[in-house]
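The following exercises ask for a close reading of one model, and each is followed by a solution worked in steps. Please keep the sequence and the coordinates at hand.

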Amino acid sequence: MEYLAGSKIYENIKLTLKEAQQKVYSTVNFVMVETYWNIGKQIYEAQGENERAEYGKGLLKFLSEKLTEEFGKGYTVTSLKYMRQFYMAFPNRHALRDQLSWTHYRMLLKVESDAARTFYLDECAKSNWSTRQLERQINSFYYQRLLSSQDKDSVRNEIRTLEKGIDAKDIIRDPYVLEFLGLEQAPNLYEKDIEQGLIDHLQKFLLELGRGFSFVSRQQHITFDGEHYYIDLVFYNYILKCFVIIDLKIGKLTHQDIGQMQMYVNYYTRELMNEGDNLPIGIVLCADKSDSVVKYTLPEDNNQIFASKYKLYMPTEEELKRELAKEQEFLETEKHLQ
């Protein structure tokens, strides 16, 4: 009887904590949504309809530089454009739903039809969809399917079995929330133990190599259309005059991994290269238990002089394989001893 009574109290307390976490999650997210709506409104009123005019483009660049300097990440020109678009799509602030996060609204902005966007807004708030649930519904044309279906209840209930709902604990991992609050993103939120150890070792190895490597970033967060990516390591080689981007994969290397690295290289080429820099270099390291595979993503218009320097100052494939395998063996041994 005592056990049953204790279990009941535990469940009640658990429910109380879950409800409190949900309130915190909703409050922080909606404050952020209102703030971005207000920023979008001010930008729109300053630019009018002339977003692409010289003044409009210059204003966003100026604001981005000043806001980033004072408030940190989250205020790129692209992000400010989204805030302006957000205000234009939802001009009535009182129509905003406090159940929806900024990520929800970023996804809703992709819906071109006003009727469909309003439908998803209402359904998302009513059903308390997570961002993954909303994304799946939009991509699977839920609005159109529901209109044409005779068994509407079955269509409505399908999402619950396909994607998990909102978990308030995810607030500590939400990059938008962390950026808004000015908090650092801890790498261990996103890395497994063995990946953490391998990245630690690779960072140290490259800096000790003595071939012009300078550390730039670790677990660098970049966002494309609401999708979050984390680049494991970024260096700048001042001899080669280029960024070196490294991503580690645990398991078999796939074509998606190569494509993702190419995306990172393109991003650095278009957004972060300085005048006089050579094109960035991407390295994908695949560490599985049987072998260590290294894939270099080289610039396509790589000239011969740079190629010769590359061979001289970059670590060789064998060096990378050896260091990766050595550290992985050490970590596996440590794991078994624990």
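Helices, of type H or I with at least four residues, and strands, of type E with at least two, are DSSP runs numbered from the N terminus. The model treated here is a predicted one.

**Exercise 1. State how many helices and strands the protein chain holds, and decide where confidence is lowest and highest among its elements.**

Solution. Begin with the inventory: the protein chain contains 13 helices and five strands. Turn next to confidence, where the chain has a mean pLDDT of 76, with 70% of its residues reaching 70 or more. Among the elements, helix α8 (residues 152-162) has the lowest mean pLDDT, 52, whereas helix α3 (residues 77-89) has the highest, 91. Where pLDDT is low, the predicted coordinates should not be read in detail. For the chain as a whole, 41% of the 338 residues are buried, and of the contacts between residues at least 6 apart in sequence, 60% join residues at least 24 apart.

**Exercise 2. Determine whether arginine 84 is buried or exposed, and find which side chain makes a polar contact with its side chain.**

Solution. First locate the residue: arginine 84 belongs to helix α3. Its relative accessible area is 5%, and because buried means under 20%, arginine 84 counts as buried. Finally, follow the side chain of arginine 84 to that of glutamine 47, with which it makes a polar contact at 2.7 Å.

**Exercise 3. Describe helix α5 from its start to the residue just after it, covering its length, its buried residues and its flanking features.**

Solution. Helix α5 covers residues 114-127, which is 14 residues, and its reach of 20 Å from first to last C-alpha is close to the 20 Å expected at 1.5 Å a residue. At its start, a side-chain oxygen of serine 113 comes to within 3.3 Å of the backbone nitrogen of alanine 115. Alanine 115 itself lies in α5 and is partly exposed, with a relative accessible area of 45%; its C-alpha is 9.5 Å from that of tyrosine 143, although the two are 28 residues apart in sequence. The buried residues of α5 are Ala116, Arg117, Phe119, Tyr120, Leu121, Glu123, Cys124 and Ala125. For reading such a pattern, recall that an α-helix has 3.6 residues a turn, so residues three or four places apart point the same way. Just after α5, asparagine 128 adopts a positive phi of about 55°.

**Exercise 4. Establish which residues leucine 134 touches, leaving out those up to four places away in sequence.**

Solution. Leucine 134 is part of helix α6 (residues 131-139), and with a relative accessible area of 0% it is buried. Leaving out its sequence neighbours up to four places away, leucine 134 touches His104, Met107, Leu108, Tyr120, Cys124 and Trp129. One of these, histidine 104, is 30 residues away in sequence, yet the two C-alpha atoms are 7.3 Å apart. Tyr120 and Cys124 are also among the buried residues of α5, and the relative accessible area of cysteine 124 is 1%.

**Exercise 5. Work out how strands β2 and β3 are arranged, and examine the turn between them.**

Solution. Strand β2 (residues 227-237) pairs with β3 in the antiparallel sense over five bridges, and phenylalanine 235 stands opposite valine 244 in β3. The two strands form a hairpin with four residues between them. Within this loop, lysine 241 has a positive phi near 55° and is partly exposed, at a relative accessible area of 46%. Most residues other than glycine have a negative phi, and most peptide bonds are trans. Another positive value, near 50°, is found at glutamine 219, a residue of strand β1 (residues 213-224) that counts as buried at 9% relative accessibility. As for β3 (residues 242-250), eight of its nine residues are buried, so this strand is largely enclosed by the rest of the structure.

**Exercise 6. Find how many disulfides a search of the whole structure gives.**

Solution. A disulfide is a covalent bond between the sulfur atoms of two cysteines. The search finds zero disulfides in the whole structure. For two of the cysteines, burial can be stated as well: cysteine 124 is buried at 1%, and cysteine 242 is buried at 0% relative accessibility.

Notes
Residues are numbered from 1 along each chain as its sequence is written. This is a predicted model: local features need pLDDT of at least 70, side-chain atom pairs count only at pLDDT 80 or more; totals for chains, interfaces and linings use all residues. Side-chain values use heavy atoms; hydrogens and water are left out. The expected span of a helix is 1.5 Å times one less than its number of residues. Buried means under 20% relative accessible area, exposed over 50%, partly exposed in between (1.4 Å probe, protein chains only). A polar contact is a pair of N or O atoms within 3.5 Å; within protein, one must be able to donate a hydrogen and the other to accept it, and residues adjacent in sequence count only if both atoms are side-chain atoms. A disulfide is a pair of cysteine sulfur atoms within 2.5 Å. Two strands pair if DSSP finds at least two bridges between them. pLDDT is the predictor's confidence in each residue, from 0 to 100. Contact means heavy atoms within 4.5 Å.
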